[in-house]
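Work through the exercises below with the sequence and the coordinates open. Each task is followed by a solution in steps.

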Amino acid sequence: MTNILEKIVAKKQEEIASRRSLIPVEVLEAAVAEAPPVRDFFAALAAPGPIKLIAEVKKASPSKGIIRENFDPVAIAREYEAAGATCLSILTDEPFFQGKLEYLAQIRQAVNIPLLRKDFILDTYQLLEARMAGADAVLLIAECLDDCNLRKLHNEAIELGLTPLVEFYDPENLDRVLAAGATLIGVNNRDLRTFVTDLGHTIRMRDKVPLDAVFVGESGIYTRDDVLRLQEAGVDAMLVGESLMRQPDITTAVKTLLGTLS
Ligand SMILES: O=P(O)(O)OC[C@@H](O)[C@@H](O)c1c[nH]c2ccccc12
């Protein structure tokens with residue numbers, strides 16, 4: 001039986017091939033050479049202070065279906081920024097998350113904080129697309145990439161000026177993440193093969209990841225208590241989508257998580 005991650009990766013390979021036939025890689029390379037400078041996603045998260053929020057613009061997911069009906073990505077991004085998010089994560093996968101690369105480009109015009117392209121990156125072509133659309137960072141998932149591609153895409157992202165956020169779920173993959181040179185490391189609390197989500201997973205992995213890396217806890221973060229648990233464990237940043245996107249009042253939701261509601 002194939003799991004959801006295998007399905008997503010297979011579909012993504014097809015998508016990359018078809019996008020490449022629409023816009024040749026040389027065209028993207030030429031456009032990227034003229035692209036405006038990036039914002040420093042890494043430095044924003046590495047700065048001292050309380051745990052940082054990477055707020056995610058996410059309409060739907062394979063595990064939860066539609067998360068937010070009334071979905072205006074630019075308005076959501078503006079609200080996240082004004083409410084105190086440090087960075088944003090923009091889902092660009094279409095078939096499984098109902099995202100779009102265009103959302104990233106539109107949001108780039110509307111906010112000043114650094115942006116992550118959240119997708120299943122398998123190929124250099126997607127790094128060029130990300131840079132073109134205005135991303136400052138890209139997600140690389142250890143479970144989707146062999147050692148060679150993980151290292152290659154990590155290096156290429158940096159050459160393009162992008163910060164790679166390298167995510168893993170399976171503890172066995174940490175050594176591969178470190179060997180790829182990752183300094184911004186995320187632990188996904190959700191096993192993308194089964195959808196089981198456990199906040200304790202990030203907390204248990206904190207001790208295993210070197211302290212000089214910037215450490216991000218991802219997924220399944222719902223309450224101010226969850227945030228305090230992460231902060232006390234020494235987690236530098238958190239990636240939160242669903243719990244914010246389900247709230248009609250995003251400003252209050254962000255401030256409640258951050259403990260800044262006055
Ligand atoms: O909506 P949540 O549970 O707050 O999770 C956000 C984010 O961590 C999640 O969307 C995510 C983390 N890693 C991923 C990889 C691919 C797709 C999605 C993800």
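**Exercise 1.** Classify leucine 122 as buried, partly exposed or exposed, then describe its surroundings.

Solution. The model is a predicted one.
Step 1: count the neighbours; leucine 122 has 18 other C-beta atoms within 10 Å.
Step 2: apply the cut-offs, by which 20 or more means buried and 12 or fewer means exposed. Leucine 122 is therefore partly exposed.
Step 3: place the residue; leucine 122 sits in the loop that joins strand S5 (115-118) to helix H6 (124-133).
Step 4: list the contacts. With neighbours within four places in sequence left aside, leucine 122 is in contact with Val9, Lys12, Gln13, Ile16 and Cys144.
Step 5: take one distance. Leucine 150 is 28 residues from leucine 122 along the chain, and their C-alpha atoms are separated by 8.7 Å.

**Exercise 2.** Do the same classification for glutamate 26: buried or exposed?

Solution.
Step 1: glutamate 26 belongs to helix H2 (residues 25-33).
Step 2: its count is 8 other C-beta atoms within 10 Å. The limit for an exposed residue is 12 or fewer, so glutamate 26 is exposed.
Step 3: for a distance, take alanine 137, which is 111 residues from glutamate 26 in sequence and 21 Å away in space, C-alpha to C-alpha.

**Exercise 3.** Describe how helices H4 and H12 pack.

Solution.
Step 1: the axes of H4 (residues 73-83) and H12 (residues 250-258) are 9 Å apart, at an angle of about 40 degrees.
Step 2: the crossing of H4 and H12 is right-handed.
Step 3: H4 contributes Ile76, Glu79, Tyr80, Ala82 and Ala83 to the contact, and H12 contributes Ile250, Thr251, Val254 and Lys255.
Step 4: sorted by class, the contact of H4 with H12 has six nonpolar, one polar and two charged residues.

**Exercise 4.** Which residues come nearest to the ligand, and what classes make up the shell?

Solution.
Step 1: there are 15 residues around the ligand, and Glu218, Ser219, Leu239, Gly241 and Glu242 come nearest.
Step 2: strand S10 (237-240) and helix H11 (242-245) are the elements that give two or more residues to this shell.
Step 3: the shell has six charged, five polar and four nonpolar residues.

**Exercise 5.** How does the radius of gyration of the protein chain compare with the globule rule?

Solution.
Step 1: the chain has 12 helices and 10 strands.
Step 2: its radius of gyration is 17 Å, close to the 18 Å that the rule gives for 262 residues, so the chain is as compact as a globular protein of that length.
Step 3: 43% of the 262 residues are buried.

Conventions
Residues are numbered from 1 along each chain as its sequence is written. This is a predicted model: local features need pLDDT of at least 70, side-chain atom pairs count only at pLDDT 80 or more; totals for chains, interfaces and linings use all residues. A residue is near a molecule or strand if its C-beta atom, placed from the backbone, lies within 6 Å of it. Helices (H or I, at least four residues) and strands (E, at least two) are DSSP runs, numbered from the N terminus. Ala, Val, Leu, Ile, Met, Phe, Trp, Tyr, Cys and Pro count as nonpolar, Asp, Glu, Lys and Arg as charged, and the others, Gly among them, as polar. The radius of gyration is taken over C-alpha atoms; the globule rule is 2.2 Å times the number of residues to the power 0.38. Axes are lines fitted to C-alpha atoms, for helices over the stretch in contact, and angles run from 0 to 180 degrees between N-to-C directions. A crossing is left-handed if the near helix is turned anticlockwise from the far one by less than a right angle, and right-handed if clockwise. Two residues are in contact if their C-beta atoms, placed from the backbone, lie within 7 Å.
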